[in-house]
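Welcome, and please have the sequence and the 3D view ready. This short briefing walks through some strand pairings and then turns to a charged part of the surface.

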Amino acid sequence: MPKHPRIFAAQLGCAKNQVDAEHLLAELYSAGFISAKSADKADYLLINTCGFIEAAKEESIDIILSYIKIKKPNQKLIVSGCLSERYMKDLPKEMPEVDFWLGTYKKNKILEVIGYDGRASGKEELPRLNLGEYPHHAYLKIAEGCNRRCAFCAIPNIRGKQESSSIKDIVKEAKELEKQGVKELTLIAQDTTYFGREKGKKGGTLTELLKALLKETEIPWIRMLYWYPEFIDDELLELMGKEPRLCKYIDMPIQHASDKVLKLMRRHYDKTSLKGILKSIREKVPGVTLRTTVLVGFPGETQEDFDQLMELIQETRFEHLGGFVFSPEENTPAMKLKELPVSEEEARARLDAINDVQEEIAEEANEAIIGKEVKVIIDGVAEESDYHFIGRTEGNALDTDDIVKIVEGNATPGEFYKVQVVDSTPHELIAKIIGKI
Ligand code: SF4
């Protein structure tokens with residue numbers, strides 16, 4: 001093996017998996033690895049897989065198979081991430097061509113698994129990498145795993161119980177990213193509102209973490225993904241309401257609104273408490289943008305249950321909403337439910353009805369901004385000729401929500417500007433630059 005082996009990495013899945021790949025590659029580079037420009041130039045091929053739902057599993061398997069096909073005899077293939085963690089017993093038997101199976105990211109494990117002694121490289125430990133599309137944005141994972149046991153979800157089986165990082169380590173990582181030019185930091189965990197709680201008082205809380213980040217860094221935008229409708233107290237909401245560097249943006253998957261379905265889903269709230277939380281959020285964080293996720297067609301969901309969900313959506317007017325049809329995941333409590341299943345056709349029809357309503361809500365929400373001046377971060381130069389730059393407001397998370405198309409004025413990617421919104425569609429704002437902020 002050369003002194004500086006070349007590695008080519010393929011990254012699949014969510015932002016949490018991306019952060020894992022960033023840590024993993026930082027460890028390899030610290031040990032002397034260098035990046036290969038293409039798969040055929042690499043000594044090692046790495047696939048960081050996703051195994052969350054059926055479609056993601058299929059995509060991961062297809063990519064592993066395609067790498068097995070192109071792999072040369074002198075190359076080593078490493079498979080890491082959720083799929084390998086979930087099927088660690090079976091996959092190595094089915095795909096013997098894969099040289100190393102790694103599971104989800106654990107510090108200091110990769111070198112041991114591949115049997116590479118990096119001490120000879122003489123390199124110092126590198127700060128974590130930022131492999132995202134834009135250098136001004138980074139994800140920072142504040143906790144691994146999840147302590148909830150939602151009936152439909154396989155994540156706790158794959159990623160285990162929650163393990164929060166310490167506030168000190170998170171602040172250190174945020175400072176490193178700030179030094180690298182990050183202007184927008186997105187904190188991620190399965191349930192950021194549960195941050196630190198598995199450690200009792202010494203783990204700290206999300207509010208304490210945010211206060212530390214605000215004090216120790218000057219990163220202009222800090223946002224969080226995702227909240228769970230529990231442990232959302234006034235202190236947290238008031239901090240978000242008054243602190244301009246915390247994006248007034250909350251992504252809180254509610255999944256459902258019927259008490260019966262919420263109970264079957266093993267969610268720890270009911271319709272009344274959910275409505276109370278939503279009311280508090282709107283009151284205490286003026287101008288907040290709300291995103292949610294809902295799941296329809298869960299076993300036992302009747303038309304009446306669905307109507308309750310629809311009513312809550314119409315009442316709350318979430319600015320952004322993603323809807324999904326329930327699909328049973330192996331080894332989840334939902335697989336054992338005796339409730340009447342909802343037919344695929346019925347579930348699809350319910351989702352379509354939600355999407356139609358949401359499209360109108362999103363259209364109206366964006367129309368209400370026309371004529372207003374808002375702050376945006378410019379993500380990049382546009383490839384289309386009818387607009388020049390692409391950006392986002394604080395109410396829009398990267399790769400998930402609406403974009404702002406800049407049709408007039410000049411800008412530099414990674415900088416903040418005041419823009420005037422001149423037009424809109426349900427998922428886009430059209431704006432012109434007023435000036436740099
Ligand atoms: S809170 Fe989220 S990640 Fe955790 S079990 Fe529920 S759905 Fe899964």
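Strands S16 and S18 (residues 428-436) pair in the parallel sense, with 5 bridges between them. Please keep in mind that this is a predicted model.

**Around strand S16**

- One place to look in the S16 and S18 pairing is isoleucine 403, whose bridge partner in S18 is glutamate 428.
- Strand S16 (residues 403-408) is also joined to strand S15 (residues 389-392), this time by 3 bridges and in the antiparallel sense.
- To find the S15 and S16 pairing on screen, go to isoleucine 390, which stands opposite lysine 405 in S16.

**The open sheet**

- Elsewhere you can trace an open sheet of 5 strands, paired in parallel and ordered S2-S1-S3-S4-S5.
- Its edge strands are S2 (34-35) and S5 (100-103), each of which pairs on one side only.
- S5 runs parallel to strand S4 (residues 76-81), and 3 bridges join the two.
- Serine 80 has glycine 103 in S5 as its bridge partner.

**The negative surface patch**

- Seen from the surface, Asp352, Asp356, Glu359, Glu360, Glu363, Glu367 and Asp423 form a negative patch.
- Helix H13 (residues 344-367) supplies the largest share of this patch, with 6 residues.
- Glutamate 360 is a handy residue to select here, as a part of helix H13.
- Glutamate 360 counts as exposed because its relative accessible area is 51%, and the cut-off for exposed is over 50%.

Technical notes: Residues are numbered from 1 along each chain as its sequence is written. This is a predicted model: local features need pLDDT of at least 70, side-chain atom pairs count only at pLDDT 80 or more; totals for chains, interfaces and linings use all residues. Side-chain values use heavy atoms; hydrogens and water are left out. Patches are made of residues with over 30% relative accessible area and no salt bridge: like charges are joined within 9 Å, nonpolar side chains (Val, Leu, Ile, Met, Phe, Trp, Tyr) within 5 Å. Accessible areas come from the Shrake-Rupley method with a 1.4 Å probe; for residues, only the protein chains shown count as cover. A salt bridge is a side-chain nitrogen of Lys or Arg within 4 Å of a carboxyl oxygen of Asp or Glu. Lys and Arg count as positive and Asp and Glu as negative; His and the chain ends are not counted. The place of a charge is taken as NZ of Lys, CZ of Arg, CG of Asp or CD of Glu. Helices (H or I, at least four residues) and strands (E, at least two) are DSSP runs, numbered from the N terminus. Buried means under 20% relative accessible area, exposed over 50%, partly exposed in between (1.4 Å probe, protein chains only). Two strands pair if DSSP finds at least two bridges between them.
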